[in-house]
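Got your viewer open? Let's take a walk through this model, one selection at a time.

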Amino acid sequence: TGSMAVFTEGQPVKAEYRKFRIKTIQGISDVDMLKEVIRHRLKHPEWPWPDFMLIDGGRGQLNAAVEILKKSDFLQEARLPQVAALAKREEELYLPGRKFPLPLKNLPPALAQLLQRVRDESHRFARVYHHKLRQRIFNAK
């Protein structure tokens with residue numbers, strides 16, 4: 001599963017959260033699953049367009065997100081959002097065009113905390129959906 005948590009002015013907007021079920025990827029490939037989720041997200045131009053997208057992961061996930069965003073037909077009508085990826089293990093922020101990641105500890109504390117909050121909320125939302133799907137499968141057997 002994948003998820004999209006939406007924050008406006010630093011606050012969650014739960015009515016705009018979205019969950020995605022991975023349908024085309026066999027096996028486990030974070031990068032390919034992320035591409036599928038972003039493609040699915042872009043098929044909904046009626047959803048508010050983001051100014052900034054925070055991707056869960058590192059350099060590979062960031063590059064995959066930028067690739068999909070640049071290929072999107074919808075982007076001819078909209079601007080490319082700012083994109084960054086947040087890797088949890090080392091708490092590093094990856095930015096397009098920057099060779100090395102920024103450690104969160106080097107960012108202003110309020111910004112680092114907001115980025116972590118967005119990531120953690122998206123994880124929470126995806127985890128709840130994933131558990132619900134697994135329970136549904138388990139109960140069907």
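A quick word before we click: helices and strands here are DSSP runs, numbered from the N terminus, and a helix needs at least four residues. Keep in mind that you're looking at a predicted model.

**Stop 1: a pair on one helix**

Select helix 2, residues 59-71. Now show the side chains of lysine 71 and glutamate 67: they meet in a salt bridge, 3.2 Å from N to O. Why are these two separated by about one helical turn? Because they're four residues apart in helix 2. Lysine 71 is exposed, with a relative accessible area of 59%, while glutamate 67 is partly exposed at 31%.

**Stop 2: a bridge between distant parts**

Next, pick glutamate 91 and arginine 119, whose side chains also meet in a salt bridge (3.2 Å, N to O). Glutamate 91 lies in the loop between strand 6 (82-87) and strand 7 (92-94), and arginine 119 is in helix 3 (residues 109-140), so the pair ties together parts that are 28 residues apart in sequence. Is each partner buried or exposed? Glutamate 91 is partly exposed, with a relative accessible area of 21%. Arginine 119 has 5% relative accessibility and counts as buried.

Stay on arginine 119 and add aspartate 120: these two form a salt bridge as well, with their closest N and O atoms 3.0 Å apart. Aspartate 120 counts as partly exposed, at 35% relative accessibility. For another group, select Lys35, Glu67 and Lys71, which are joined into one network by salt bridges that share partners. How many salt bridges does the count come to? Five.

**Stop 3: the nonpolar cores**

Time to look at the greasy bits. The largest nonpolar core has 15 residues, and the ones that touch the most other members are Ile38, Leu42, Ile55, Leu62, Leu69 and Val83. Colour helix 1 (30-42), strand 5 (52-56), helix 2 and strand 6, since each of them supplies at least two residues of this core. Which element gives the most? That's helix 2, with five residues.

Zoom in on isoleucine 38. Leaving out residues up to four places away in sequence, isoleucine 38 touches Ile55, Ala65, Ile68 and Leu69. Then hop over to a second, separate core of eight residues, including Leu86, Leu93, Leu104 and Leu107.

**Stop 4: leucine 54 and the sheet**

Select leucine 54, which you'll find in strand 5. What is leucine 54 in contact with, leaving aside its neighbours within four places in sequence? The list is Ala84, Ala85, Leu86, Leu93, Leu115, Val118 and Arg119. Try the distance tool on leucine 54 and leucine 93: their C-alpha atoms are separated by 9.4 Å, although the two residues are 39 apart along the chain.

Switch to the cartoon view. Four strands form an open sheet in the order 5-6-7-8, and the pairing is mixed. Strand 5 and strand 8 (102-103) stand at the edges with a single partner strand each, so one side of each is left without a neighbour in the sheet. Strands of a sheet pair through backbone hydrogen bonds, either parallel or antiparallel. Strand 7 and strand 8 pair in the antiparallel sense, over two bridges. Look for leucine 93 again here: its bridge partner in strand 8 is leucine 102.

**Stop 5: the rings**

Last stop: the aromatic pairs, and there are two of them. Start with tyrosine 17 and phenylalanine 125, an edge-to-face pair with 5.1 Å centre to centre and 75° between the planes. Tyrosine 17 is in the loop between strand 3 (11-12) and strand 4 (18-20), phenylalanine 125 is in helix 3, and the pair links these distant parts of the chain, 108 residues apart. Both tyrosine 17 and phenylalanine 125 are buried.

Now show phenylalanine 20 and tryptophan 47. Their ring centres are 6.2 Å apart and their planes are at 50°, so this pair is tilted. Here too, distant parts of the chain are linked: phenylalanine 20 is in strand 4 and tryptophan 47 in the loop between helix 1 and strand 5, 27 residues apart. Phenylalanine 20 and tryptophan 47 are both buried.

Before you close the viewer, add arginine 18. Its charged end sits over the ring of tryptophan 47, 4.8 Å from the ring's centre.

Conventions. Residues are numbered from 1 along each chain as its sequence is written. This is a predicted model: local features need pLDDT of at least 70, side-chain atom pairs count only at pLDDT 80 or more; totals for chains, interfaces and linings use all residues. Side-chain values use heavy atoms; hydrogens and water are left out. A salt bridge is a side-chain nitrogen of Lys or Arg within 4 Å of a carboxyl oxygen of Asp or Glu. Buried means under 20% relative accessible area, exposed over 50%, partly exposed in between (1.4 Å probe, protein chains only). A nonpolar core is a set of buried Ala, Val, Leu, Ile, Met, Phe, Trp, Tyr and Cys residues joined through side-chain atoms within 4.5 Å. Contact means heavy atoms within 4.5 Å. Rings of Phe, Tyr and Trp (its six-membered ring) pair if their centres lie within 6.5 Å; planes under 30 degrees apart count as stacked, over 60 as edge-to-face and the rest as tilted. A charge sits over a ring if NZ of Lys or CZ of Arg is within 6 Å of the ring centre and within 35 degrees of the ring normal. Two strands pair if DSSP finds at least two bridges between them.
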